[in-house]
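Dear colleague,

Please find the structure below, handed over for your reading. My notes on it come directly after.

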Amino acid sequence: MNYRKISDDILNDWFVFREDTVLAYTDKEDRKHTIEFDEISELILKNIPKQNRKYVQKQLNALDDNLMDYIGYWQEKYYRNGFCDGIELIVGCLDK
């Protein structure tokens with residue numbers, strides 16, 4: 001099995017577990033670097049004409065969904081490859 005390929009496997013289960021547990025506990029520094037998408041969206045919507053709000057809200061929701069998909073994909077790819085690199089280093093040391 002190629003664990004570098006992003007798929008529904010044991011590594012994906014581990015990423016979901018980490019996201020739901022460890023990453024759910026943020027500290028003060030982590031909270032300073034959050035994306036305040038809802039607040040930004042509200043500010044944008046307050047400053048556009050009423051006739052355009054429905055369209056702009058739809059586009060902001062699409063942007064939010066796209067951004068979250070992008071972040072999730074790259075985080076998994078980054079951590080998955082780092083994990084695979086670590087395993088390959090360990091196996092390489094054991095083979096010698």
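The notes below treat a pair of helices and then the salt bridges.

Please bear in mind throughout that this is a predicted model.

**Helices α3 and α4**

Helix α3 covers residues 37–46 and helix α4 covers residues 50–95. Their axes come within 10 Å of each other and cross at roughly 160°. Because angles over 145 degrees count as roughly antiparallel, α3 is roughly antiparallel to α4. The crossing of these two helices is right-handed.

The residues that meet can be named on each side. From α3, they are F37, S41, I44, L45 and K46; from α4, they are R53, V56, Q57, L60, L63 and D64. Sorted by class, this contact of α3 with α4 has six nonpolar residues, together with two polar and three charged ones.

**Salt bridges**

Side chains of opposite charge can pair when their charged atoms come close. How many salt bridges does the structure hold? There are two.

One of them joins E29 and K32, with 3.0 Å between the closest N and O atoms. As for the surroundings of this pair, E29 is partly exposed at a relative accessible area of 40%, and K32 counts as exposed, with 59% relative accessibility.

The other salt bridge is formed by E76 with R80, and here the closest N and O atoms are 2.6 Å apart. Both residues belong to helix α4, where they are four residues apart, about one turn of the helix.

Is the pair of E76 and R80 buried or exposed? E76 has a relative accessible area of 13% and is therefore buried, since buried means under 20%. R80, at 0% relative accessibility, counts as buried as well.

**The contacts of E76**

E76 deserves a further word. Which residues does E76 touch, leaving aside those up to four places away in sequence? They are I6, S7, N12 and F15. Thus E76, placed in helix α4, has a salt bridge with R80 and also touches these residues from elsewhere in the sequence.

To recapitulate for a first viewing, you may wish to locate the roughly antiparallel helices α3 and α4, then the salt bridge of E29 with K32, and lastly that of E76 with R80.

With kind regards

Key: Residues are numbered from 1 along each chain as its sequence is written. This is a predicted model: local features need pLDDT of at least 70, side-chain atom pairs count only at pLDDT 80 or more; totals for chains, interfaces and linings use all residues. Side-chain values use heavy atoms; hydrogens and water are left out. Axes are lines fitted to C-alpha atoms, for helices over the stretch in contact, and angles run from 0 to 180 degrees between N-to-C directions. Angles under 35 degrees count as roughly parallel, over 145 as roughly antiparallel, 65 to 115 as roughly perpendicular and the rest as oblique. A crossing is left-handed if the near helix is turned anticlockwise from the far one by less than a right angle, and right-handed if clockwise. Contact means heavy atoms within 4.5 Å. Ala, Val, Leu, Ile, Met, Phe, Trp, Tyr, Cys and Pro count as nonpolar, Asp, Glu, Lys and Arg as charged, and the others, Gly among them, as polar. A salt bridge is a side-chain nitrogen of Lys or Arg within 4 Å of a carboxyl oxygen of Asp or Glu. Buried means under 20% relative accessible area, exposed over 50%, partly exposed in between (1.4 Å probe, protein chains only).
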